[in-house]
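The following exercises are intended for work with the sequence and the coordinates side by side. Please attempt each task before reading its solution.

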Amino acid sequence: MAVRVLPRFVLTDLRQPLEWFAEPGPDGLVFVGERGAPFRRSAFGRKYRKARKKAGPPDDFRFYDLRGTGNTLAADTGAKLKDLMVRAGHSSARAQLIYQHSEKRHQRKIASAIDADVRRQRQEASERGERAGELASDRRAASQPHRSRLRHGVAKATESRSRDSR
């Protein structure tokens, strides 16, 4: 069985309930029935519904939905597909995608990130353009006196030739 690394807040929130209710040791059951045996499906359902009511999620939020929530939260951090597959214990991308959801909030986050990236690139291009424009005008300014001296020198040389030929 693979080891899953949990966010710190989960460890903090679960420490006391695990000490109180779970079996000791790394192989101990997390959810133990009242008689120390694994929960039966019906007993687990009752316990989960009671806990859900107390915690506040909607009545149609199933225990199974926690897996999708965890995967979606992990994907929102930018986790790679392979990392998500390992966390969920999936062997295929197809299985992983079943548990991932796209929400309007996440779509807005993506659009905002794209907007920020494009604005940054445009700003950088604009700054490069301004620098290129400044360099070009500096080059023109630097070359202008040289050209005028050349023109002036050619004019002087032409004048002196014309005088010499007179």
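The exercises below concern a predicted model and proceed from the overall fold to individual side-chain pairs.

**Exercise 1. Overall architecture**

Task: Determine how many helices and strands the chain has and in what pattern they follow one another.

Solution.
Step 1. The chain holds 6 helices and 0 strands.
Step 2. Reading along the sequence therefore gives the pattern α-α-α-α-α-α, with helices taken as DSSP runs of at least four residues.
Step 3. As for burial, 14% of the 166 residues count as buried.
Step 4. The exposed area of the chain is about 14300 Å², and carbon and sulfur atoms supply 56% of that area.
Step 5. Among the contacts in the chain with a separation of 6 or more, 33% are accounted for by residues 24 or more positions apart.

**Exercise 2. A nonpolar patch**

Task: State which residues make the nonpolar surface patch of about 500 Å², and classify Leu 18 and Phe 63 by accessibility.

Solution.
Step 1. The patch is made by Leu 14, Leu 18, Val 30, Phe 31, Phe 63 and Leu 66.
Step 2. Leu 18 is placed in helix H1, which spans residues 8-21.
Step 3. The relative accessibility of Leu 18 is 36%, so Leu 18 counts as partly exposed.
Step 4. Phe 63 also has a value of 36% and counts as partly exposed.
Step 5. Membership of a patch requires over 30% relative accessible area; the value for Leu 18 is 36%, and that for Phe 63 is 36%.

**Exercise 3. Aromatic pairs around Phe 63**

Task: Describe the geometry of the pairs that Phe 63 forms with Phe 44 and with Tyr 48, and locate each ring in the chain.

Solution.
Step 1. The structure contains 5 aromatic pairs.
Step 2. In one of these, Phe 44 and Phe 63 have ring centres 4.9 Å apart and planes at 85°. Planes over 60 degrees apart count as edge-to-face, and the pair of Phe 44 and Phe 63 is edge-to-face.
Step 3. Phe 44 belongs to helix H2 (residues 41-55), whereas Phe 63 is in the loop between H2 and helix H3 (65-76); the two are 19 residues apart, and the pair links distant parts of the chain.
Step 4. Tyr 48 and Phe 63 are likewise edge-to-face, at 5.4 Å centre to centre with 85° between the planes.
Step 5. Because Tyr 48 lies in helix H2 and Phe 63 in the loop between H2 and H3, this pair ties together parts 15 residues apart in sequence.
Step 6. Tyr 48 is buried, with a relative accessible area of 14%, whereas Phe 63 is partly exposed.
Step 7. Ring pairs join Phe 31, Phe 44, Tyr 48 and Phe 63 into a cluster.

**Exercise 4. Asp 76 and helix H6**

Task: Establish whether Asp 76 is buried or exposed, and identify its contacts beyond four places in sequence.

Solution.
Step 1. Asp 76 is found in helix H3.
Step 2. A relative accessibility of 13% is below the 20% limit, so Asp 76 counts as buried.
Step 3. With neighbours within four places in sequence set aside, Asp 76 is in contact with Arg 105, His 106 and Lys 109.
Step 4. The side chains of Arg 105 and Asp 76 form a salt bridge of 3.7 Å, N to O.
Step 5. Since Arg 105 lies in helix H6 and Asp 76 in helix H3, the bridge ties together parts 29 residues apart in sequence.
Step 6. Arg 105 is partly exposed, with a relative accessible area of 47%.
Step 7. Ile 110, in helix H6 (residues 104-165), is 34 residues from Asp 76 in sequence and 9.6 Å away, C-alpha to C-alpha.

**Exercise 5. Salt bridges within helix H6**

Task: Compare the spacing in sequence of the pairs Arg 119 and Asp 115 and Arg 120 and Asp 117.

Solution.
Step 1. The structure holds 5 salt bridges.
Step 2. Arg 119 and Asp 115 meet in a salt bridge of 2.8 Å, N to O; being 4 residues apart in helix H6, they are separated by about one helical turn.
Step 3. Arg 119 is exposed at 55%, whereas Asp 115 is partly exposed at 38%.
Step 4. Arg 120 and Asp 117 meet at 2.4 Å, N to O, and are 3 residues apart in helix H6, about one turn of the helix.
Step 5. A network of salt bridges links Asp 117, Arg 120 and Glu 124.

Definitions and conventions
Residues are numbered from 1 along each chain as its sequence is written. This is a predicted model: local features need pLDDT of at least 70, side-chain atom pairs count only at pLDDT 80 or more; totals for chains, interfaces and linings use all residues. Side-chain values use heavy atoms; hydrogens and water are left out. Buried means under 20% relative accessible area, exposed over 50%, partly exposed in between (1.4 Å probe, protein chains only). Contact means heavy atoms within 4.5 Å. Accessible areas come from the Shrake-Rupley method with a 1.4 Å probe; for residues, only the protein chains shown count as cover. Patches are made of residues with over 30% relative accessible area and no salt bridge: like charges are joined within 9 Å, nonpolar side chains (Val, Leu, Ile, Met, Phe, Trp, Tyr) within 5 Å. A salt bridge is a side-chain nitrogen of Lys or Arg within 4 Å of a carboxyl oxygen of Asp or Glu. Rings of Phe, Tyr and Trp (its six-membered ring) pair if their centres lie within 6.5 Å; planes under 30 degrees apart count as stacked, over 60 as edge-to-face and the rest as tilted.
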